[in-house]
Structures are given as C-alpha cells and as structure tokens.
Amino acid sequence: MLAALLVLLGLTALFYLAVLLRAAIAQRAMPNAEAALLGAVTNFFDTLGIGSFAPSTAWVKFRHLLPDKLIPSTLLVGHTGPSIMQGIIFLLLLGADVDPVLLVGCILFLLTGALIGARLVTRAAVWLVQFTVALGLFIAATIFLAINLHLMPGGGTASTLPLPWMLVAFVVNFTLGILVNFGIGNYAPTLIMFSLMGMDPRFAFPVMAGSAAIAGAGASISHIRIGEINLKIVTGIILGGIPAVLVAAFVVKSMDVAVLRWLVVVVVYYAALVMARAALLGFRARGVMPLPSAT
C-alpha cells in the first residue's frame with residue numbers, strides 16, 4: 001500500500017510540474033526573487049511544524065505582492081511543490097507505521113474536498129475570500145499561541161483509530177480539503193485532531209503531508225488551468241521551498257522554535273485583522289451593508 005501511495009505521489013508530482021511548467025513557459029513567468037526567499041523560509045519551518053500558509057499570507061499581504069483574491073490560490077499552487085517533497089519524506093520515514101486504511105482514506109477525502117474547493121474559491125466574492133483567509137489566520141495564530149502556552153493535547157501512542165473516529169477523520173479531511181483553497185492549511189488542524197483522538201502525533205505527519213501533497217497537486221492543476229494565480233510568485237516559492245524542505249528534514253535534527261512561534265503569533269494576528277478589515281470594507285462596498293452616516 002505504501003509503495004502504491006509513493007508511486008501515485010510521484011506520478012501526481014510529474015503531472016503537476018508538467019502543467020505548471022507549460023503555463024509558466026507560455027506566460028514567460030520568471031521566478032520572483034522575494035517569493036523564492038519567502039518559500040525558503042516558510043517551507044523550512046513548515047517541515048519543522050510551524051506551517052507555511054499563515055506566515056506566507058501575512059508577508060504577501062504586508063508587501064502587497066498579490067491582490068487579495070489571488071492570495072489563496074497562488075500560495076496553494078506555490079506551496080504544493082515543497083509539500084510534495086515533504087509528503088515523500090514523511091511517507092518514507094513514518095508511513096509504514098500508520099494504518100493504511102486511515103492513511104489512504106484521509107488522502108482521498110482531502111483530495112475530493114480540494115478539487116471541489118478549487119472551483120468554489122474562484123467563484124466566491126473577494127470579500128468572502130478575504131473573510132475566510134482572515135478566519136484561517138486567526139485560527140492559525142491561536143493554535144501557535146496554544147502550543148507556546150502548552151495547551152495543545154499531548155496525544156497518545158496509537159497508530160490507527162477505531163472505526164467511528166476514523167469516519168470523523170475522513171469528514172474533517174474532506175472539509176479541510178475545501179478550506180485549503182481559501183488559504184487555510186491542513187497541518188495544524190490534523191495534528192490537533194489526531195492528538196485528541198489518542199494517536200501518536202508523529203503519525204499525523206505522513207497523513208497530513210501525504211494528503212497535502214496529493215490534494216494540493218490536484219487542486220493546483222485546477223487553479224493553473226483556471227488561470228487566477230501569479231506564476232512568478234508560484235515559481236519563486238517552489239524554487240526556494242523545495243531545497244529548504246530537504247535541509248530541514250535531513251540536516252536539522254532539533255531546533256527550539258518556541259521563540260519563532262511567538263513572533264508568528266503577533267504577525268499572523270495582525271495580518272488577520274488587516275484581512276478582516278479589507279473583507280468588511282469589501283462587504284460594505286457591494287451594498288450588502290450600508291456605510292455609516294458621517295453626520
């Protein structure tokens with residue numbers, strides 16, 4: 001089963017890269033240098049469990065590198081390349097220790113949700129995308145805060161789940177698959193869910209990395225074909241992100257990232273407020289909510 005998953009992941013990666021390269025060549029999209037640096041930093045710490053979506057969204061928003069509407073889809077496509085590398089690494093290191101039914105089921109349900117969500121996000125109003133991203137940033141920052149305050153569940157020792165909890169995990173992964181298209185990463189929610197259910201937190205990594213890789217590739221291909229992404233940012237993130245994943249996975253053995261998480265908490269909360277304000281202004285501008293009178 002693990003060998004089949006690795007073959008599937010490899011074929012998915014080739015298809016993703018082929019579609020991406022074709023689009024990049026057609027548009028003559030050269031990698032953005034700032035995006036490459038961003039991809040290197042965020043994916044390095046993503047491999048260590050910090051996460052890449054929230055810090056990337058915060059930086060892109062601060063630097064005005066993308067219109068708000070394009071932030072979720074562009075970051076999803078860009079971070080999928082490094083996620084594929086993470087998926088291969090974690091499946092090789094820990095995949096054999098996880099119940100194959102749980103592993104494959106979570107991947108398939110996340111993939112299904114991601115394919116559905118790819119169409120939903122392109123049809124959603126800009127203010128709704130902004131609000132959803134703001135909510136995701138707030139959740140991510142709160143999770144970082146809980147980790148630093150040692151409020152996260154420690155988890156157990158199980159490598160599988162009883163059937164009722166497994167079905168819950170499948171439903172949650174389907175939902176997360178939809179939400180990744182809106183810039184809400186699946187790593188932290190998956191880690192929390194499995195820990196609460198009594199699984200060894202280490203075994204969440206092959207599930208969430210494998211799911212993110214395959215589902216991200218499927219959704220990314222849809223986004224590339226739809227065309228509502230910035231390929232210069234995408235190729236930059238991939239160029240910087242993949243080597244950073246390899247360094248983090250094979251060179252760094254242990255690192256105290258608590259200080260970094262505190263910085264991320266502040267930055268991401270602020271980004272959430274900025275994005276929420278933009279969503280509110282957009283919501284009002286469409287006439288859904290009247291502007292308050294100046295008198």
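Helices (H or I, at least four residues) and strands (E, at least two) are DSSP runs, numbered from the N terminus. This is a predicted model: local features need pLDDT of at least 70, side-chain atom pairs count only at pLDDT 80 or more, and totals for chains, interfaces and linings use all residues. Residues are numbered from 1 along each chain as its sequence is written, and side-chain values use heavy atoms, with hydrogens and water left out.

**Exercise 1. Place D68 and describe its surroundings.**

Step 1. Find the element. D68 sits in the loop between α3 (53-63) and α4.

Step 2. Is D68 buried or exposed? Buried means under 20% relative accessible area, exposed over 50%, and partly exposed in between (1.4 Å probe, protein chains only). D68 has a relative accessible area of 14%, so it is buried.

Step 3. List the contacts (heavy atoms within 4.5 Å). Not counting residues up to four places away in sequence, D68 touches K61, V129, Q130, M275 and A278.

Step 4. Check a distance. D68 and G105 are 37 residues apart along the chain, and their C-alpha atoms are separated by 33 Å.

**Exercise 2. Find the salt bridges and compare their burial.**

Step 1. Apply the cut-off. A salt bridge is a side-chain nitrogen of Lys or Arg within 4 Å of a carboxyl oxygen of Asp or Glu. The structure holds 2.

Step 2. Take D68 with K61. Their closest N and O atoms are 2.8 Å apart. K61 is buried, because its relative accessible area is 13%. D68 is buried too, at 14%.

Step 3. Take E34 with R63. Their side chains meet at 2.7 Å, N to O. This pair links distant parts of the chain: E34 is in helix α2 (residues 33-47), R63 is in helix α3, and they are 29 residues apart.

Step 4. Grade the second pair. E34 counts as partly exposed because its relative accessibility is 24%. R63 also counts as partly exposed, at 44%.

**Exercise 3. Test the length of helix α1 and say what covers it.**

Step 1. Compute the expected span: 1.5 Å times one less than the number of residues. Helix α1 (residues 2-27) has 26 residues, so it should span 38 Å. Its end C-alpha atoms are 37 Å apart, which agrees.

Step 2. Which residues of α1 are buried? They are L5, L9, T12, A13, Y16, V19, L20, A23 and A24.

Step 3. Relate the spacing to the helix. An α-helix has 3.6 residues a turn, so residues three or four places apart point the same way.

Step 4. Name the cover. It includes α4 (71-94), α5 (100-123), α9 (204-226) and α10 (231-250).

Step 5. Zoom in on α9. A213 lies in this helix. A213 is buried, with a relative accessible area of 0%. It touches L9, T80, S83, I84 and G87, not counting residues up to four places away in sequence.

Step 6. Look past the end of α1. R28 follows the helix, and its phi is positive, near 50°.

**Exercise 4. Decide where to read the model with care.**

Step 1. Start with pLDDT, the predictor's confidence in each residue, from 0 to 100. The chain mean is 84, and 91% of residues reach 70 or more.

Step 2. Find a weak stretch. Over residues 288-295, pLDDT stays under 50. The model has 6 contacts beyond four places in sequence for this stretch.

Step 3. Draw the conclusion. Where pLDDT is low, the predicted coordinates should not be read in detail.
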